[in-house]
Amino acid sequence: MKKLFIGNLSTNTNEEDIHNLFSEFGNVRSIKLVTDIFSGACKGFGFIEMEGHEARAAIAGLDGKEFKGKPMKIKYELPKVGGRSR
C-alpha cells in the first residue's frame, strides 16, 4: 500500500472527484482531502492510498495533468521524521 500526496487542487474539489479520477488507475483504498474547518472547502491538497503498481501508474498518468483548471502535483508521501515531512 502506497500513500500519495495530491497537491494544487481547486477549492471546489471533493472526494468523489478524486475517487473518479484515480479509480481509472486501480482500486482506491482511502482518500483524505484537507478541508477548511469553517467553510468545508478543500485547502488544495489531500492524500490517497493505492497499491504500489497502481500508485505508480496514477503518478505517471496524472502528475502535471490539469484538473479543474489547475495542474495537479502528485508524489509519494514521505514518512514523517521528528514531526516534519522529509
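**Warm-up: one lysine**

Is Lys68 buried, partly exposed or exposed, going by its relative accessible area?

Step 1. Get the cut-offs straight: buried is under 20% relative accessible area, exposed is over 50%, and partly exposed is in between (1.4 Å probe, protein chains only).

Step 2. Lys68 has a relative accessible area of 37%, so Lys68 is partly exposed.

Before you go on: this is a predicted model, where local features need pLDDT of at least 70 and side-chain atom pairs count only at pLDDT 80 or more, while totals for chains, interfaces and linings use all residues. Residues are numbered from 1 along each chain as its sequence is written, and side-chain values use heavy atoms, with hydrogens and water left out.

**Exercise 1: salt bridges**

Find out how many salt bridges the structure holds, and place the partners along the chain.

Step 1. The rule: a side-chain nitrogen of Lys or Arg has to be within 4 Å of a carboxyl oxygen of Asp or Glu. By that rule there are two salt bridges.

Step 2. Take Asp17 and Lys68: their closest N and O atoms are 2.6 Å apart. Asp17 is in helix H1, and Lys68 is in the loop between strand S4 (66–67) and strand S5 (70–71), so you need the naming rule: helices (H or I, at least four residues) and strands (E, at least two) are DSSP runs, numbered from the N terminus. The two partners are 51 residues apart, and the pair links distant parts of the chain.

Step 3. Now take Arg29 and Glu51, whose side chains meet at 3.1 Å, N to O. Arg29 is in the loop between H1 and strand S2 (30–35), and Glu51 is in the loop between S3 and H2, 22 residues apart.

Step 4. Check the surroundings: Arg29 is partly exposed at 44% relative accessibility, and Glu51 is partly exposed too, at 25%.

**Exercise 2: a charge without a bridge**

Work out which side chain of opposite charge is nearest to Glu54.

Step 1. Sort the charges: Lys and Arg count as positive, Asp and Glu as negative, and His and the chain ends are not counted.

Step 2. Glu54 is buried and has no salt bridge; the nearest opposite charge is Arg29, 5.5 Å away.

Step 3. See what Glu54 does touch. With contact meaning heavy atoms within 4.5 Å, and leaving out residues up to four places away in sequence, Glu54 touches Phe25, Gly26 and Asn27.

**Exercise 3: the two sides of H2**

Decide which residues of H2 are buried and how they are arranged around the helix.

Step 1. Helix H2 covers residues 52–62. Its buried residues are Gly52, Glu54, Ala55, Ala58, Ile59 and Leu62.

Step 2. Look down the axis of H2: the buried residues fall within an arc of 160°, so they line one face of the helix. The arc is that of the directions from the helix axis to the C-beta atoms. A bit of background helps: an α-helix has 3.6 residues a turn, so residues three or four places apart point the same way.

Step 3. Ask what the buried residues of H2 meet: they pack against S1, helix H1 (15–22), S3 and strand S6 (73–76). The face turned away from the buried side carries the exposed residues His53 and Ala60.

Step 4. Finish at Gly64, which follows H2 and has a positive phi, near 90°.

**Exercise 4: rings together**

Count the aromatic pairs and describe the cluster around Phe47.

Step 1. Rings of Phe, Tyr and Trp (its six-membered ring) pair if their centres lie within 6.5 Å; planes under 30 degrees apart count as stacked, over 60 as edge-to-face and the rest as tilted. That gives three aromatic pairs.

Step 2. Phe5 and Phe47 have ring centres 5.9 Å apart and planes at 65°, so this pair is edge-to-face. Phe5 lies in strand S1 (residues 2–7) and Phe47 in strand S3 (residues 42–50), so the pair ties together parts 42 residues apart in sequence.

Step 3. Phe45 and Phe47 have centres 6.2 Å apart and planes at 90°, so they are edge-to-face. Ring pairs link Phe5, Phe45 and Phe47 into a cluster.

Step 4. Compare accessibility: Phe47 is buried at 18%, whereas Phe45 is partly exposed at 29%.
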